[in-house]
Amino acid sequence: MAKYTIFVILFFTLLAPATAASSKIYVWRNANGDLVYSDSPKPGAEEIAEEIEIKNKQTVISSVNTTVLDISPRVVQEEYQVQISQPEDHATIRDNSGSIYISGRVAPVFKRGFKVRLLMNGEAHGEPQTRSVFILRDVDRGEHKIKLELLNNQGKVIASSKERTVYLHRARVN
């Protein structure tokens, strides 16, 4: 019985703010001495029940004109940028083994499934990969143009770096 009484008390306590402006709340003690809350006085003993004065006033907010709000959904397009960090443009690389180290940067960090492709002298060099660092081996001496491209999951180019020119110098032994 005590659990039921506590439930009733909690129920009316939570209900009181919602109904404060439109109804009255009465309280009395039952035979067990527990407090009982109700929206009507105790049947047959109205003089025992006390009316509770609720001082909580409801606030009514007028409607807001929403025609000035732009609530249409927007597709967020991520603008990716690809840059070659190393080597510098027009750099001369002196390496007798013919190795060129290319380091790039993609911003923001690209999503899973995206890949970076290296273009060397206008042609794809190797397979696209998930990182933007490339190590080229046994490259012929001379002028080379390098560029990085960011590919999405479908293999479409979504960003590319500016093309850089590098010069590889390899000593020649006759």
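**Exercise 1.** In this predicted model, determine which residue of β9 is the bridge partner of Ser-103, and then establish how β6 and β9 pair and over how many bridges.

*Solution.* Begin with the single residue: the bridge partner of Ser-103 in β9 is Val-133. Next, turn to the strands as wholes, where β6 and β9 are paired in the antiparallel sense, with four bridges between them.

**Exercise 2.** Find which residues of β6 are the bridge partners of Gln-83 and Ile-84, and state the sense in which β4 and β6 pair.

*Solution.* Taking the residues in turn, Gln-83 has Arg-105 as its bridge partner in β6, whereas Ile-84 has Gly-104. At the level of strands, β4 and β6, the latter covering residues 100-107, pair in the antiparallel sense over five bridges.

**Exercise 3.** Assemble the strands into a sheet, giving their order, the edge strands and the average twist.

*Solution.* The three strands form an open sheet in the order β4-β6-β9, with antiparallel pairing. Its edge strands are β4 (81-86) and β9 (133-136), each of which pairs on one side only. From one strand to the next, the twist averages 25°.

**Exercise 4.** Assign the residues of β6 to its covered and uncovered faces.

*Solution.* The guiding principle is that side chains in a regular strand alternate between the two faces of the sheet. In β6, the covered face holds Ile-100, Ile-102, Gly-104 and Val-106, while Tyr-101, Ser-103, Arg-105 and Ala-107 belong to the uncovered face.

Note on methods. Residues numbered from 1 in each chain as written. Predicted model: local features only at pLDDT ≥ 70, side-chain atom pairs only at ≥ 80, totals over all residues. Heavy atoms only, no water. Pairing = 2+ DSSP bridges. Helix = DSSP H or I, 4+ residues; strand = E, 2+ residues; numbered from the N terminus. Axes fitted to C-alpha atoms, helices over the stretch in contact; angles between N-to-C directions. Buried < 20%, exposed > 50% of the residue type's maximum accessible area, 1.4 Å probe, protein only.
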